Amino acid sequence: MKKKGLHQIREKMGKSGLDSLIITDTSNIRYLTGYRGDYGYILLSPSRALFFTNSLYIEDARGSVDGSFEIIEVKEDIFKTFGDFDRTVWGKRTGYEAGKITCSVFRKLGNSLPGIQFEEIKDIVEELRETKLPHEIEAIKHAQSIAEDVLEQVLTLVKDGVEERDLAIEIDYQFRKHGGERPSFETIVASGPNTSKPHAVPTARKLELGDLVLFDMGTVREGYASDMTRTVVLGKADREQKKVYSAVRDALKAALDKIHSGMLCSEADRVARTVLEKAGYGERFVHSLGHGVGLDVHENPFLSRRSEHYLQTNAVVTVEPGIYIPGWGGVRIEDMVVVSDDGCKNLTGFTKNLLQL
């Protein structure tokens, strides 16, 4: 897989007229090398694949980096190492990952390698990562099964007077207890009026009878993330809560029924959005329908209204319509699916029925 990926990247480099490519994104480095540390650089040329890291990580690198790469230990400053390295490897035109390095790093690269023309390259590795291999899908499924087990357990703690942040802390703790490596993002637990905030931060607010309670959570297994959202009611749901929940669930079902390989991402978003518009909540769906999941919890593709990207076979994406009404609350339901030629396979087994606890 690593050699095939390097071959494909080199083909793209050739078409772009690049002599070399520097890769700095941590997830892209892991995808290509297997390295799990947070300090490293890849330099690719048509004939060489080099991995640079410092003495803090060199032992880990020697035990994990794919054999396609030469491992270079950085004993001084990385930019001095780059400047002193064989200039024939760099060539005259070097690509770098757009949006993945800071202005400071870019300036230091230029200062250490005068005469080299640096050019932005977008998504050169991410395009490979979008289509998941069987072992990647299995890791995501495992992470998702852990998240579902944890949510099932934590729902028993949803009671009047419990704080949002205590539930969030418990979720993160149970992820580890169940074999997750870490949360795949900052766990969201929101209650009552806080559920109208799509990216709510857990607070000291105490749950009250009649509250909507929203859980957005995921963990990591073998480096791969999961992502799931469920909204429940503490006590008996009222008419409006049931109406909003039903609209969101209908939008989710409509999208799941239509998603398939070759579909425009914007069309997937449109399917769900149309359902919510007909229910009278179109303006209350304030984000995109979903996103890719893999080594990063948010990665290509993005199911947005403006996307001109087509869904690929074996892409893993979330489908997460929501309605958010300030001062009242909100509902989001999120599943994670594998895209196929004739539809999609749902990796989320947790019930989508409205739970009244």
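A pocket is an open set of grid points with protein on both sides within 12 Å along at least five of seven lines, and its lining residues have an atom within 4 Å of a point. In the predicted model described here, the second largest pocket is lined by 16 residues. Those nearest the centre of this pocket are His-199, His-287, His-291, His-298 and Glu-320. The space in the second largest pocket amounts to about 270 Å³. Sorted by class, its lining consists of 5 nonpolar, 6 polar and 5 charged residues.

The largest pocket has a volume of about 310 Å³. Its lining is made up of 16 residues, and Ser-27, Arg-30, Arg-182, Gly-223 and Leu-295 are the closest to its centre. Helix H2 supplies the largest share of this lining, with 3 residues. Charged residues number 6 in the lining of the largest pocket, alongside 5 nonpolar and 5 polar ones.

Enclosed space was also examined. Rolling a probe the size of a water molecule over the atoms shows where empty space is left. The count comes to 1 cavity of 30 Å³ or more. About 30 Å³ of space lies in the largest cavity. The residues that line the largest cavity are Arg-230, Thr-231, Val-232, Tyr-245, Phe-350, Thr-351, Asn-353 and Leu-355. Strand S11, which spans residues 228-233, gives the largest share of this lining, 3 residues. By class, the lining of the largest cavity holds 4 nonpolar, 3 polar and 1 charged residues.

Helix H2, which contributes to the largest pocket, also packs on a sheet. This open sheet is formed by 6 strands in the order S4-S3-S2-S1-S5-S6, with mixed pairing. Strand S4 (70-74) and strand S6 (117-121) each have a single partner strand and stand at the edges, so one side of each is left without a neighbour in the sheet. On average, neighbouring strands of the sheet are turned by 25° against each other, direction ignored. Helix H2 covers residues 26-33 and touches strand S1 (20-23), strand S2 (41-44), strand S3 and strand S5 (93-97). The direction of H2 makes about 60° with that of S2. At the S4 edge, strand S3 (residues 49-54) runs parallel to S4 and is joined to that strand by 5 bridges. Within this pairing, Phe-52 has Ile-72 of S4 as its bridge partner.

Aromatic contacts were searched for over the whole structure, and 10 aromatic pairs were found. In the pair of Tyr-41 and Phe-82, the ring centres are 5.5 Å apart and the planes stand at 90°; planes over 60 degrees apart count as edge-to-face, and the pair is therefore edge-to-face. This pair links distant parts of the chain, since Tyr-41 belongs to strand S2 and Phe-82 to helix H4 (residues 78-84), 41 residues apart.

Two local features of the backbone remain. Asn-300 and Pro-301 are joined by a cis peptide bond, with omega about 0°. Pro-301 is placed in strand S13, residues 299-303. Asp-123, a residue other than glycine, has a positive phi near 60°. The position of Asp-123 is in the loop between S6 and helix H7 (126-130); strand S6 is one of the strands at the edges of the sheet.

Methods: Residues are numbered from 1 along each chain as its sequence is written. This is a predicted model: local features need pLDDT of at least 70, side-chain atom pairs count only at pLDDT 80 or more; totals for chains, interfaces and linings use all residues. Side-chain values use heavy atoms; hydrogens and water are left out. Two strands pair if DSSP finds at least two bridges between them. Helices (H or I, at least four residues) and strands (E, at least two) are DSSP runs, numbered from the N terminus. Axes are lines fitted to C-alpha atoms, for helices over the stretch in contact, and angles run from 0 to 180 degrees between N-to-C directions. Contact means heavy atoms within 4.5 Å. On a 1 Å grid over the protein atoms alone, a cavity is a set of points where a 1.4 Å probe fits but cannot get out, and a pocket is an open set with protein on both sides within 12 Å along at least five of seven lines; lining residues have an atom within 4 Å of a point. Grid points are joined across faces, edges and corners, and a volume is the space filled by probe spheres set on the points. Ala, Val, Leu, Ile, Met, Phe, Trp, Tyr, Cys and Pro count as nonpolar, Asp, Glu, Lys and Arg as charged, and the others, Gly among them, as polar. Rings of Phe, Tyr and Trp (its six-membered ring) pair if their centres lie within 6.5 Å; planes under 30 degrees apart count as stacked, over 60 as edge-to-face and the rest as tilted.
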